[in-house]
Amino acid sequence: MRVPYEWLKELVREVPDPETLAEFLTLRGLEVESIEKISPQFKGILVCQIVKFSDHPRRSDLKIVELSTGGGSLQVVCGARNLSIGVKVPVAISGSILPGNRKIEKKEILGITSEGMICSEKELGLSDDESGIFILPHETKVGTYLEDVFWVSDTVLDINCPPNRGDLLSVLGIAREVASITGGRIVLPSFELEEGEEDIGNYIRLEVHDKDACPKYVLRMIKDVKIGKTPFWMRSRLAKCGMRPINSIVDVTNYVMLEIGQPLHAFDYELLRGREIKVQISRETFDFRTLDGQYRRVEPGDLLICDGTGAIALAGIMGGENSEITERTRIVALESAFFNPAYIRRTARRLNIKSEASLRFEKGVDVEGVDYASKRAIYLMRLLSGGEILKGVVECKKEVKRKSVYVNIERLNRVLGTKMEREEIREALSSIQIKVEKEDESGFTLEIPSFRHDINEYMDIVEEVARIKGYENIPETLPVVELRSIRSSKNEILERMTREYLSASGFYEVINFSFFGEKDLSFFLLSPDDERLRALRILNPISKEFSHMRTFLSPGILRSISYNLKRGERNLRFFELSHVFIDEGSLLPRQRKSLAIALTGKERDLFWREKLMDYDFFDIKGVIEGLLKRYRVEYFFESTKEPFLIEQESCDILLNGKKIGWFGRLKEEVLKAYEIEQKVYMGELDFEILVENAVTHWKIRPISKYPYAFRDFSFYVDDGIPVGSLISKIKAVSDLITDVVVFDVFRREKRSVTFRVFFQSYEATLKDEEIDVIQDRIIKELNEIEGVALRT
Amino acid sequence: MDVEEIVAYVEKELSGIKEGDDPNPVKVRLLGRKGLFSRLFDNLKDLPPEKRKEIGRRLNLLKAETEKRIDRLQLLFEEEKRKKEEESLKIDKTLPGKVPIVGKKHPITTTFEEIIRIFTSLGFEVTEGPEIELDYYNFEALNIPKDHPARDMQDTFYVKDGVVLRTHTSPVQIRVMESRKPPIRIIAPGAVYRCDLDISHTPMFHQVEGLMVDRNVRFSDLKGVLTLFAREMFGDEVDVRFRPSYFPFTEPSAEMDIRCVICEGKGCRVCKETGWLEILGAGMVHPQVLRNVRYDPEEVSGFAFGMGVERIAMIKFGIDDIRQFYYNDIRFLSQF
């Protein structure tokens, strides 16, 4: 809600300066988003009164105007058509400055001296209006400078009102809050309605079919209006509130809405068919053209305003083009009503219309203010457009009682942690017009004003009291609770361990959006029965690239790699540990954690002491093996069929015979899709299964008191024989073997592999003879394998 | 045997060794098994007994003196040798060292961990809930019925009828309350989604939800606990204020601000000239929400809060564009 400061001051006495006011309102929960200063772009503009004018001797379309400056007089040549004796006008005298730093000097126009220029609103930069000179409000004082007149400079507060406080969407609403802060008094604009002789009942009939949907509907009418341009004071207030001026009837409806919060609608009476208005709920579906020129689909259940033939407005949302006020309108029928918020909300949301009216009706307006608003508006219409107000009112209403809420004082204090006295609470509530209806020993029954739709129960009152007293005046306490220990879940422990292991190993954690696109699925060449194709589609995605919920993390990591490669960072180690979502046909998808790890480039680009090798299969394998060892799970690697991997450099990861992930080198066509032109090794694992199987508590093995020994063995190993199987074979030979390390692999005609085997006993220092026995068995076992031979 | 002549000879030999030179060749000539002194002592037996004693005494003195001097020269020689060896070890110490390659956790993770540490130390337990959530948990149970104006506050991603990407972590409140009885003290960290993307919005971001329900939980407790949190997170000197606000699922509702850490309250672009930075939203659990989970608002009360993790990280690290968190630019990630 945009609130002009000068308007606010008209409705409430004692308003602090805008900055202080903003602070007060913010601490009351009415957050002031901005304080906008409006200051004139002109200087030295004198308010003068037209004394007389006559034709220019040489050009009849120019006038010589004599002006009174209060103490003296001025002569100005002017071409405007709206000159009239006695009006007050702004005059740019010699030495004054207009917007755009335009300087005004005395000059001669066709032989006649002109001591300045009578300005239009546009020339003063006040509006786009250049249709004539700016006629100032009559109460403006002659001889003062226009820049000192209060309504020229102003401050607009942009207030972010809580969505449940429809009562704040008017200057009056804000004024009520201000009054409760400052103790000031609300001053409603005073006016006297001068009705004519003709009775409204002779003109129109009203029928409200559903009083639940429309508990109050009031019609007033004015005839013989001359619609024209709205005076500056009203237009400027509308503009400051962000509304576009239209004409002297429509502007009044908007003005009164901004002033007191009641949306109004004006119909051109002569366009109504059948001299009647009916408020009814639609029973059919049809298209209706609203006054913005668009066709809207009306459906059964929508609340409509109809004439004798059909719809003329979507109640509380927007009027129809068929009854719109135009320049030719002579008789106006003015609607002021209270519509049931639920109806307005449903229709406005379905049609996706957010009008100023629907915004207020859907939060609820003041049912007790409906008639006042109608009077106020019809009064202003006559003031601005002339004509005659028809006598009386046509209305339809149902009794709407004020709500009452009971509050127990002790309980209120207990919820807030305060020790407020009965009187203090009563006072705080009465400042926002909540009155005590009845009271007893433990509390009061309160009467809630009709504009406060947000107050329905006891807690709403607690909130109001806390708000009025100020949150800063509520003490800070720490709850007294029973001690209990907070355990980390197995998942938390393992997540922390995984992040620590990977970051200590040189990997940066990335976080990608949980979305991917259909393209990602095709980039990864997944076969039609792949689980990862079962991605949930978002109905209103932010973009095509982010149209689905991701089923695996790899596409996101490749995007991150691509992003960095494009910025010249070639050596990357990334991991992501986040949720993925698989649609299994049930209402909610299966959500599980996945872990993806990727590396590309090399450890670092340059180091003066040594040349560094590009990352390869054994780097990703080592990282994953290290991780799996930390989880203390029994894992196996097997050849993989993942369609996006180069089979020769990739593996599946198995746990208890079940596949839980994969790692290896991505195919070039996959990388190309992400604009990556270097080798990428990555892996992705089902983190949930890892957590299930991981061991988080274990006992350590004592350290042997006896020294270890080692022997080296070199074998010729045929290419078809996996070295891994030989390692297992060696390990199986004796319990005394603690480790087998491959420390050399080279090829000269045949592949040669050297193992270093470590021996250790927990019972005694091993003797050479004991090791010899094991050594012989290792050689014997391996030699028995076809394609393996000891190198001698 | 002329002792004076011998003294002069020995002196000549010894003084012929420069300090730092190897004294061994001289040592061998003088003190070796077939060296000078050895021969002289052999010759002693040829001398008459009266002379033998006197010359023997003097030769012994001379020998001891010689040994002492040779030992000293030996030490100097070894010292010199060590220096030369060390000299050859000289390297250019200004060449770059080899910095270990380590990675880092994402700043959102570290911020999460810090928030979790503070609240677990206060006895709050960590829980999680689904990110793809039923409309009921995300809205209805939180007192946001269909067509409620508060639904406009959050641009929701829809997946299918009745299923949304959760717009906040608050549905976890409901899931927890439905599944257990008070006392409850939990926090729920996680990703949330809103259909928005600009310098201060990303379609996915992270929140930490908190909930405490028990007999007699007061609004003053909310203030106390959250002020404690702010001091832990931003330092003891941080200035905190609570403002009334609106959330459909809490009442009274509040927002907590801290004094702007950039301008110290003078007003700047970051705090929109207000001198304050909004840190979190909170409030007493709305009685309707308690009723929705079949708790009796007459029996129990509680407070809830929710904070944006990115927002807190942005304030702590001086980040002005929330999208930075999701580019995963190594030049950004490596700074934490």
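**A walk through chains A and B**

Let's start with a distance: in chain A, the centres of domain 3 and domain 5, taken over C-alpha atoms, are separated by 61 Å. Keep in mind that this is a predicted model. To place those two domains along the chain, look at the domain assignment of chain A, which puts domain 3 at 195-397 and domain 5 at 490-693. Around them come domain 1, which is written in two pieces (2-39 + 154-182), domain 2 (43-148), domain 4 (404-473) and domain 6 (709-790).

Now move to the stretch covered by domain 6, 709-790. Chain A has an open sheet of four strands here, ordered β38-β39-β37-β40, with antiparallel pairing. The edges belong to β38 (737-748) and β40 (788-790) of chain A; each has a single partner strand, so one side of each is left without a neighbour in the sheet. Going from one strand to the next, the twist averages 30 degrees.

So what holds the edge strand β38(A) to its partner? Ten bridges join β38(A) to the antiparallel strand β39 (residues 750-759) of chain A. If you want one pair to click on, take A:V740, whose bridge partner in β39(A) is A:V757.

Two helices go with this sheet. Helix α18 (residues 723-733) of chain A lies across β37 (709-717), β38, β39 and β40 of chain A, and runs at about 145 degrees to β38(A). Helix α19 (residues 768-783) of chain A lies across β37, β39 and β40 of chain A, and its run is at about 15 degrees to β37(A).

Next, hop over to chain B and find helix α5 (residues 107-121) and helix α10 (residues 309-317). Their axes come within 9 Å and cross at roughly 100 degrees, which makes α5(B) roughly perpendicular to α10(B). On the α5(B) side, the contact is made by B:P107, B:I108, B:T111 and B:F112, while α10(B) brings B:V309, B:E310, B:I312, B:A313 and B:F317. Sorted by class, that gives seven nonpolar, one polar and one charged residues.

Finally, how do the two chains meet? Chain B puts 64 residues into the contact and chain A puts in 72 residues. On the side of chain B that touches chain A, helix α8 (residues 219-234) of chain B gives the most, with seven residues. By class, that side of chain B has 37 nonpolar, 13 polar and 14 charged residues.

Key. Residues numbered from 1 in each chain as written. Chains lettered and ligands numbered in written order. Predicted model: local features only at pLDDT ≥ 70, side-chain atom pairs only at ≥ 80, totals over all residues. Contact = placed C-beta atoms within 7 Å. Nonpolar A, V, L, I, M, F, W, Y, C, P; charged D, E, K, R; others polar. Axes fitted to C-alpha atoms, helices over the stretch in contact; angles between N-to-C directions. Parallel < 35°, antiparallel > 145°, perpendicular 65-115°, else oblique. Pairing = 2+ DSSP bridges. Domains from an automatic or database assignment.
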